[in-house]
Amino acid sequence: PIAEEILFRGILYPVIKQIGHPNLAAIGTAILFALFHVNLLTFASLTVVALGLIAVYELTDNLLAPITAHAVFNASNLIMLFSQ
């Protein structure tokens with residue numbers, strides 16, 4: 001989560017947004033985030049998760065917030081996987 005959030009929400013998203021394309025920044029980095037995980041079965045849901053992480057970043061203006069949310073998301077997925 002740390003490296004991914006630094007790349008997607010800490011670098012790519014703000015750069016694209018600052019050059020005047022906030023919608024492209026959000027949608028484009030969300031799609032790239034989902035593609036980065038190389039799993040077509042989870043592409044749509046990971047795109048939505050990425051948009052949620054962008055919202056968390058925008059609401060808090062703090063990269064630690066989406067890092068934490070991402071870690072909680074991953075941990076909850078692992079817990080569900082191991083509990084099955």
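Which residue forms a salt bridge with Glu58, and how far apart are the closest N and O atoms? In this predicted model, the partner of Glu58 is Lys17, and the closest N and O atoms of the pair are 2.7 Å apart. Lys17 belongs to helix α1 and Glu58 to helix α3, which spans residues 43-60, so this salt bridge ties together parts of the chain that are 41 residues apart in sequence. Lys17 is partly exposed, because its relative accessibility of 32% falls between the limits of 20% and 50%, and Glu58, at 38%, counts as partly exposed as well.

The structure holds two salt bridges. The other pairing joins the side chains of Arg9 and Glu5, with a distance of 2.7 Å from N to O. Here both residues lie in helix α1, four residues apart, which is about one turn of the helix. Arg9 is buried, with a relative accessible area of 0%, and Glu5 is likewise counted as buried at 0% relative accessibility. As general background, side chains of opposite charge can pair when their charged atoms come close.

The two pairs are set out below.

| Salt bridge | N to O distance | Relative accessibility |
|---|---|---|
| Arg9 and Glu5 | 2.7 Å | Arg9 0%, Glu5 0% |
| Lys17 and Glu58 | 2.7 Å | Lys17 32%, Glu58 38% |

Helix α1 also packs against another helix. The axes of α1 (residues 2-18) and α4 (residues 64-83) come within 9 Å of one another and cross at roughly 135 degrees. That angle makes α1 oblique to α4, because it lies outside the range of 65 to 115 degrees that counts as roughly perpendicular and is not over 145 degrees, the limit for roughly antiparallel. The crossing of the two helices is right-handed. On the α1 side the contact is made by Ile2, Glu4 and Glu5, and on the α4 side by Pro66, Ile67 and His70. Sorted by class, this contact has three nonpolar residues, one polar residue and two charged residues. Glu5 therefore appears in two settings, as a buried residue that takes part in the salt bridge with Arg9 and as one of the α1 residues in the contact with α4.

A further detail concerns Asn74, which is found in helix α4. Asn74 counts as partly exposed, at 30% relative accessibility. The C-alpha atoms of Asn74 and Pro1 are separated by 8.2 Å, although the two residues are 73 residues apart along the chain.

Definitions and conventions
Residues numbered from 1 in each chain as written. Predicted model: local features only at pLDDT ≥ 70, side-chain atom pairs only at ≥ 80, totals over all residues. Heavy atoms only, no water. Axes fitted to C-alpha atoms, helices over the stretch in contact; angles between N-to-C directions. Parallel < 35°, antiparallel > 145°, perpendicular 65-115°, else oblique. Left-handed = near helix turned anticlockwise from the far one by under 90°. Contact = heavy atoms within 4.5 Å. Nonpolar A, V, L, I, M, F, W, Y, C, P; charged D, E, K, R; others polar. Salt bridge = Lys/Arg side-chain N within 4 Å of Asp/Glu carboxyl O. Buried < 20%, exposed > 50% of the residue type's maximum accessible area, 1.4 Å probe, protein only.
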